Amino acid sequence: MLFTRKAAAVWLFLAFERALAAQIPLWSHTSASFYPGVESDLGQWNLDERPVVNATGHLVFETANSLLQHWANTRHRIGHTIVPATIPVGTVLYHGATTGPYLPTALDWVAVEPEHSTFFCRGTIETGCWLLTLAVTRPMKVLYFDGNSAAKLPEGTMDTQDLVAWSEMKPERVWSEEQRIKDLCKWGEKYGVNGFVRMEMNFEIMICNFTSHMEIVSFLNLESVRVSTHPLDEPGDPNTTRHVFELMHSASWRENYPGETRITLDYSGLVSFYDTALVPSLVPHRVGLDRWDHRVAGISPEDIERVRDRLAQALTRSPSTTSDIDWKTVLRVVVDRYASRLEFIQHLLNLTLDDGSIFDHARQIQRQLRNVLLPYTVFAALPSNISVAVKATNSWAAPVFRECAVSHTASIASRGTTLTPSEHLLLQAVRETTHEICRVVTKMWASGMNLGVDAFYPPEQRPEVGHIDTLMGEWKEDVTQLISWLDWSVWVKCRPACGLEEMCYLPTWPFGFVRTPGAPLQAQWDSGSLWPDPNKGEWKRPQPKCIRRREPYGF
């Protein structure tokens, strides 16, 4: 019996050893060349090579990362992205009406929040108004236009819708909403699209058929909180003003990530007007312009047709042909990893220092840079601590740069042909964005190593104050340019933070765009004097500010 047990133990040991020997080891460091398509030539990882002037990968990245988020799409009102989407079963939607209880028989609008719909629930004090609550009964296929795409502004907020509805931009039809929804629904009918998602003060959906995907939950006769005949009339009483604020308060719930979650986007069908292969005609129109000034105006007829064809392909493609990659998370992981760290490094570089503290402060910043690069600091690339101070260039850090830059995309890139054209665009956007982040951070870290401010590689003697000051100046310029280039809306916030009785707010259409009661809307646009100029001040480049959460309100 004892022999049998010993024999069994020996057999198990030998079997275990054989199994270990047969396993493929998972190395702590895998060369980037392990993945097909990833450049292993370190000469291609130049720390001094900036992005080309007309690069748009970072713009595709930030617009895709900001989809269905109120804050970013209020800040940059002119949309450049169209995405197929689905409204899930059980989603509750709202429609405000003057009369009822009658289900709309024509094309009409619904909102995702009751505060938005009751803004259009106008009636007399004697009769009140009606709020229709609906629930989605089967997945509803919709198309989403990003930006402040329901703002009635002739400066481009509706350009992408016009191209889908009419194959051309028609700024003179900015107020032709009934014709717009009619023609959009006619276009979408052949693709099974039953709605179009836009952002006004909050997110809304243009519904093509109220009976095909929804059922009535309730149809309530409410007291009228707004008796005006037009939603753009200036609030004239405290109750209406309070209602306006609560509308903006409800919009703030979807300001940042994850944004409006009741609409599920299909990133594998995303169409971007920043896609230079799809829409090359817009490239020269953006030269020298800030992102605030980017327009879809100027697109060629050929590019319009390519966009419409790409949309048709996305809307008719079988779901089984997608890669199942969660692009929303892929994008957000990059933002989460770098946003707060870059912001903190910039803060440290903006502090005022004296000569006595500058060395220790530089070491603190160097440690922050090391934190960012820790998962990518290839041991074999590190110089010896006795030679680091005499390094004339940063080329020795190229392996660190490479590992940092490919970490988020190498596995996805290896999928190759399983990606849709939209996914290839998103992959390239993540590549270009992480490439520049990692280039700048690695360059800053390597410069600190070379000068001798890294605590792990102490020099024989402390660097001169003047050299440290020069390094800090270079660091400040590098990180400032990087943050400006990325232009992530996550960094746009009220500083100092708002108090408990305040809310951080970006100027939002239509509040502040006050018309004269009874005057024709188009005439007031043409007059140029009764409305704020959308090309000037906070309306052109919205800046965050704190507004009151209780009376007296003000925007």
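Angles under 35 degrees count as roughly parallel, over 145 as roughly antiparallel, 65 to 115 as roughly perpendicular and the rest as oblique. This is a predicted model, in which local features need pLDDT (the predictor's confidence in each residue, from 0 to 100) of at least 70, side-chain atom pairs count only at pLDDT 80 or more, and totals for chains, interfaces and linings use all residues. Residues are numbered from 1 along each chain as its sequence is written, and side-chain values use heavy atoms, with hydrogens and water left out.

**Exercise 1.** Work out how helices H14 and H15 are oriented to each other.

Solution. Start with the extents: H14 covers residues 421-451 and H15 covers residues 465-486, where helices are DSSP runs of H or I with at least four residues, numbered from the N terminus. Next, take the packing angle of about 175°, with the axes 11 Å apart; axes are lines fitted to C-alpha atoms over the stretch in contact, and angles run from 0 to 180 degrees between N-to-C directions. H14 and H15 are therefore roughly antiparallel to each other. Residues in contact (heavy atoms within 4.5 Å) include Ile437 and Val440 of H14 and Leu471 and Trp475 of H15.

**Exercise 2.** Describe the surroundings of Asp183.

Solution. First locate Asp183 in helix H6, residues 177-189. Asp183 is buried, meaning under 20% relative accessible area with a 1.4 Å probe and protein chains only. Then look for a salt bridge, a side-chain nitrogen of Lys or Arg within 4 Å of a carboxyl oxygen of Asp or Glu: Asp183 has none, and Arg173, the nearest side chain of opposite charge, is 4.5 Å away. Finally, Asp183 touches Ala165 and Trp166, leaving aside residues up to four places away in sequence.

**Exercise 3.** Find where confidence is low.

Solution. The average pLDDT is 86, yet pLDDT stays under 50 over residues 1-38 and over residues 514-531.

Definitions and conventions: Helix = DSSP H or I, 4+ residues; strand = E, 2+ residues; numbered from the N terminus. Buried < 20%, exposed > 50% of the residue type's maximum accessible area, 1.4 Å probe, protein only. Lys, Arg positive; Asp, Glu negative; His and termini not counted.
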